[in-house]
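Ready for a walk through some side chains? Open your viewer, and let's go from stop to stop together.

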Amino acid sequence: MKQEILTQFPWPWLPTLALVIFFVFFIGLLINVSMRSRRPIFDAAETLPLQEAQKFGEKL
Amino acid sequence: MSKTELHQPMETFAYDDEIVKQFSLATIIWGGVAFLVGIICALQLADWHLNFGLSWLTFGRLRPLHTNAAIFAFGGNAIFAGIYYSTQRLCKARLFNDTLSKIHFWGWQLIIVSAALTLPFGITQGKEYAELEWPIDIAITLIWVVFAINFFGTLWRRREKHMYVALWFYIATIVTVAVLHIVNSVEVPVSWYQSYPVYAGVQDALVQWWYGHNAVAFFLTTPFLGLMYFFIPKAANRPVYSYRLSIVHFWSLVFIYIWAGPHHLLYTALPEWAQTLGMVFSVMLWAPSWGGMINGLLTLRGSWDKVRTEPVLKFMATSLTFYGMATFEGPLLSIKSVSALGHYTDWIIAHVHGGTLGWNGFLTFGMLYYLVPALYKTELYSKRLANIHFWTSTIGILLYIISMWTSGITQGLMLRAIDSTGKLVYPDFVETIVRIAPLYWIRAFGGTLFLAGFLVMCYNLYKTWQLAPKNQKQDLYQAPALSKAIPADDNNSGPWHRRLEGLMPAFSILVLLGIVLGSAIEILPTLIVHTYAPANSKVAPYTPLELAGRDLYINEGCYNCHSQMIRTLPEDVLRYGKASLPEESMYDHPFQWGSKRTGPDLARVGGKYPDLWHYRHMLDPRSVTPNSIMPVYPWLFDDKTDFAILTKKFSVMQSLGVPYTDDEVRTAPETARAQAMQIAQGLSADSPIKGLEDKKIIAIIAYLQRLGKNPELLNAAEKSEAQPAPEVQ
């Protein structure tokens, strides 16, 4: 039966393609986030939930 | 604050917190309903009497109501409350449009109410978590678009340049849920309350579980992770452990999750490569999931004392632990040999409840303990009560999952036990039920504890609300407007991601690409190949009466307890017969492979018993199978089959590619009546049973007797090749 189905779906290489696409993407991502120039951006971004907009009437 | 921002004029605004309050209240109300219905379902499995013979209270109809209420009513309202609260803060902007917010709120509640008014009455499409019929499907689409406009409009008007990682998770949620819902809901209406999906058999199975698993991923995971990335830092008052990790977490989770669906279909008639694909990506999912969990937990480093005393953090830290547990178990269960044991058993039920009660439930409770005091500018009424809630519910969850692990593994092992002569040790399915039945009581007790804890929270939040100072004025805030242009000083610092993060449309499109790519590779091959059945196979479509019976099977929710998919495993083949072939379900719109075997598989039940057996079994299962926990179906013996509508049903099926001739379509009602008369006469020949020919029970019997009986197909298969030996574990 397996053989029968495979002849109807002749794409056994698809999982391999999927993995290749993923890993290319993933390694690119790792390189990207570990770039030194990104540090200040992360430092700024990570505090966002802790900042509140300034209440009206309060001094800067 | 950057130089550019200082040049912008200051703007004054207020947050729309009314809508957050409304969604929070709805979360609480529907949470209560979802948990209560869950307990009723649990009790019915422990004692079959507990539907009181009422059709709308039977397990098959109530279970979809429970899952939909838990996911879309409780979970849905919770994420809308959390997303609207956090998005406004992260964007320093009021929600895009108050009217859209109101339409979103009331529209969603209306959808929930219509679910509650249709599912118990058997109005269902029979696709798990997508049961709602087509008019409601359209309403869901419209309301989701309203939500999307409101959300993206807020992002568009934001006064904070950077989009914090929580917002990315929300974007992924909105984009992906839209794609999932639309693709999985392509259906052709038969009447106002019935439709057939365009997909059938293998295709429907693949699309459905692509949808089903990603409903878990993009409705119960990504939005909650976004909430986690906002509320845990907020409550702990410290930034997330690693922002860098959160980026890796986001992209790998979104990219990998979309492929995982086929792990629901291991050892089935789904093509082998698609199964492998699903399994590999599911195992890979373990990494980003744990990355996210660790990121959340390590955010609490140095605040562990607060976790002990602060209810918000206590619930959130525990929810992350449950998330870690569920996302360890998920990949484990996706491994084919583990799936062989756990699939169709209560192990899966334990797994999903670790996720929903532990992860989604506790995160939501933590969020509510944060939101209610914050929104009403007061303190939580009682930390002691929150503690009681925490412990009652935690013990409840543990009792639930431990009893269901035990039940699932016990039953799985019993069902596969084969003695030295190659025979099943427990050939009667019901033997396994007798063994696990006591555990169903423990599960029901665990669920009740969970609900009790929840009620304590309701009281606590009510008292908190009462403490709120009266006549509160709305707070006004100020922030500089955001210049839409990318400032010059940013360009050289700018790796692409920095700019991408500021560019909401580009970012959303990238997410869309990521999920569409995965979905396309997985689904398209199966969809393109219309002739997935071997060319020489001749599958006869259902007769009109069998189709009527099949639709009743769906209405009654029999698929919630019965599978129709014999896996290529020795224990399945020995117990139920030859493994299911893909072409056997090629005309099943929707497929009926099922996902849980509370009762035995029915794929080849046709001809196993005489009609009279089925007659007695449906009237009182225990009269033929002592100790059965199957419900009674007395109304099927009174209610009449709708013969007239069969013409319409046949013509819709014909338009979907089922090879009915025009003649067959036209004469469907008469053909059905003739077959019904034959079955009814057969029944009355051996017994005093009279006058059944127009009753629903006859249609159900016709359908059951047909399952696995496709004479031409079986002959063809036997001639072409002998069944290969089932794979041995």
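Start by selecting B:Arg61 and B:Glu556, both of which are buried. Keep in mind on this tour that you are looking at a predicted model. Show the two side chains as sticks and you will see them meet in a salt bridge, 2.9 Å from N to O. Now colour by position along the chain: B:Arg61 sits in helix α3 (residues 59–91) of chain B, while B:Glu556 is in the loop between α21 (544–555) and α22 (570–576), 495 residues apart. Side chains of opposite charge can pair when their charged atoms come close.

Next, select B:Glu128 and B:Arg63. Their closest N and O atoms are 3.1 Å apart, and the two form a salt bridge. B:Glu128 belongs to the loop between α4 (98–118) and α5 of chain B and B:Arg63 to helix α3, so this pair ties together parts that are 65 residues apart in sequence. Are these two buried or exposed? B:Glu128 has a relative accessible area of 7%, so it counts as buried, and B:Arg63 is buried too, at 14%.

For a third salt bridge, pick B:Glu310 and B:Lys383, with 2.9 Å between the closest N and O atoms. You will find B:Glu310 in the loop between α12 (304–309) and α13 (311–334) of chain B, and B:Lys383 in helix α16 (residues 383–416), 73 residues apart. Turn on the surface here: B:Glu310 is partly exposed at 28% relative accessibility, and B:Lys383 is partly exposed at 41%.

Now select B:Arg550, B:Asp551, B:Asp588 and B:Lys649 together; salt bridges that share partners join them into one network. Over all chains, the structure has 27 salt bridges.

Time for some rings. There are 70 aromatic pairs over all chains. Select A:Phe22 and B:Phe255, a tilted pair with 5.4 Å from centre to centre and 45° between the planes. A:Phe22 lies in helix α2 (residues 14–33) of chain A and B:Phe255 in helix α9 (residues 243–257) of chain B, so this pair joins two chains. Both are buried.

Move on to B:Phe147 and B:Phe151, another tilted pair, at 6.5 Å and 55°. They are four residues apart in helix α5 (residues 134–156) of chain B, so about one helical turn separates them. B:Phe147 and B:Phe151 are both buried.

Finish with two charges over rings. Select B:Arg89 and B:Tyr85: the charged end of B:Arg89 sits over the ring, 3.8 Å from its centre. Then look at B:Lys21, which lies over the face of B:Tyr376, 4.5 Å from the ring centre.

Terms used. Residues are numbered from 1 along each chain as its sequence is written. Chains are lettered from A and ligands numbered from 1 in the order in which they are written. This is a predicted model: local features need pLDDT of at least 70, side-chain atom pairs count only at pLDDT 80 or more; totals for chains, interfaces and linings use all residues. Side-chain values use heavy atoms; hydrogens and water are left out. Rings of Phe, Tyr and Trp (its six-membered ring) pair if their centres lie within 6.5 Å; planes under 30 degrees apart count as stacked, over 60 as edge-to-face and the rest as tilted. Buried means under 20% relative accessible area, exposed over 50%, partly exposed in between (1.4 Å probe, protein chains only). A charge sits over a ring if NZ of Lys or CZ of Arg is within 6 Å of the ring centre and within 35 degrees of the ring normal. A salt bridge is a side-chain nitrogen of Lys or Arg within 4 Å of a carboxyl oxygen of Asp or Glu.
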